[in-house]
Amino acid sequence: MFLQGYLPSIMEGTILTLQVAVSALLVSVVLGLIGAMFKMSPSKPLAWLAEVYSTVVRGVPDLVWMLLLFFGVQMLINELFSQMGWEAPEINSFFAGVMTIGFIFGAYMTETFRGAIMAVPKGQMEAGLAYGMSPLRVFLRITFPQMVRFALPSFSNNWLVLVKSTALVSVIGLNDVMYRADTAKSITQEPFTVYAVVGCIFLAITSVSDFALKRLEKRYSTGVRETEL
Amino acid sequence: MIDLNLIIERFPAFLGGTDGAPILSTSDGLQLTLELLGLSLAFGLLLAVPMALMRVSRNKWVARPVWLYTYVFRGTPLLVQLFIIYYGLSQFDWVRDSWAWEYLREAYVCAILAFTLNTAAYTTEILAGQIRNTHYGEIEAAKAMGMGKWLMMRRIVIPSALRRALPAYSNEVVMMMQSTSIAGLVTLADLTGVARRVFSDTYMPFEPFLTVAGIYLVMTFALVWLFKKAEQRWLAYLAPRKH
């Protein structure tokens, strides 16, 4: 039998990996939008905070962030609870993985969204405000639909890097595809086959994403004339 | 709350040069990280130049294999590539019986091999993109001077593409520097590996991980600064004119 019947277990791990990746993407988009708004806000401290966030996070490896946040935050919780005289809860590793990856890629998304918002002519937003729309409505109706086109290429790239980074979450104890592969590898004694299968799974995820995002890019570029040399 | 003494006491171990170095390497800690980075970038670039030329070839039997190579290596996580080489190769008897097994069973060699193949794939795409972007005037001028295909490649196309690739390549180098942190997952004591050992010794997370985070941050800044200098030197002719 192929991989001694370990394939279903690896597929289950894949589903968990995808869940982590998609949830982390949502967190990173929210953080990225907040970061981009802070970065462009007239308030100096907010702009500075966003600048530090995007610079420091992008300057340190994902793995170090995962170890630091996962073990560090657990330690803080332990100390806090022991001072209160309560029993400390264990952090859920799914939650920790999603938050950590979301936090890291929020920094990349900050740069993506800042660039995209700046690419939309300022007069568009000013016109919206002049019509009496609230800033939120201006963002949702005017800025957002137009910035998508500029954000998509870099957004796609961030997503592809994010998916590949998700392979690291087994380090903080998640039962993901890499963790399942590790078990399968020890039992079947076929490490090459196991990791080749895992590689194919990731390749399938990145290929499908790439295809879908390219179509989306085309859709959002409707009516934009391309220059041809 | 943070134990500064621990950081000071262990700092030499982070920098490397203690006696925990892996076989074939001379060092551990930061020095091992730099060694892994330097060697894989050098080998990767050497592989990438000919592969980029193949990638832009009009002969699809030459271009397609390189396309497949970069597609596979850029579409899968580096960690999986590292594990395939480090754990996977032992599955085959012919690998274990060959002369190369002496080296391939070393985590150090596997890490350099995986990092090299990975960075070569990204660098190939960066270079191929810049070769395609070569201004037609440069090529017409080279042809008008009577240069043959290879002379033109060697003297005009490759140097010009390498220069223009600098900004994208600097991103790749920073990414690669950060990627070397996974070397610890195959038993190596690189910067992150040392931090994990200190953590498992002391069970104090902040001291080791914040220290190495600081070191990585400094390295990122240093690399960005270095490439900025390099761009000022080799891309000066593309900079916007200053009045």
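**Confidence.** I began with chain A of this predicted model, for which I noted a mean pLDDT of 91, with 98% of the residues reaching 70 or more. Going through the elements of chain A, I found the lowest mean pLDDT, 90, in helix α3 (residues 62-84) of chain A, and the highest, 95, in helix α1 (residues 7-40) of chain A.

**A helix pair in chain A.** I then looked up helix α4 (residues 93-119) of chain A and helix α6 (residues 135-165) of chain A, whose axes come within 8 Å and cross at roughly 150°. Since angles over 145 degrees count as roughly antiparallel, I therefore entered α4(A) and α6(A) as roughly antiparallel to each other. I recorded their crossing as right-handed. On the α4(A) side I listed the residues making the contact, among them I101(A), F105(A), Y108(A), M109(A) and F113(A), and on the α6(A) side I listed others, including M147(A), F150(A), F155(A) and L162(A). Sorting the contact of α4(A) with α6(A) by class, I got 13 nonpolar and 6 polar residues, with no charged residues.

**Chain B against chain A.** Turning to the contact between the chains, I noted that chain B contributes 30 residues and chain A 28 residues. On the side of chain B that touches chain A, the elements giving two or more residues are α3 (60-75), α4 (78-86), α11 (191-202) and α12 (206-234) of chain B. Which of the elements gives the most to this side of chain B? I found that α12(B) does, with 9 residues. By class, I entered this side of chain B as 20 nonpolar, 9 polar and 1 charged residues.

Methods: Residues numbered from 1 in each chain as written. Chains lettered and ligands numbered in written order. Predicted model: local features only at pLDDT ≥ 70, side-chain atom pairs only at ≥ 80, totals over all residues. pLDDT = per-residue confidence, 0-100. Helix = DSSP H or I, 4+ residues; strand = E, 2+ residues; numbered from the N terminus. Axes fitted to C-alpha atoms, helices over the stretch in contact; angles between N-to-C directions. Parallel < 35°, antiparallel > 145°, perpendicular 65-115°, else oblique. Left-handed = near helix turned anticlockwise from the far one by under 90°. Contact = placed C-beta atoms within 7 Å. Nonpolar A, V, L, I, M, F, W, Y, C, P; charged D, E, K, R; others polar.
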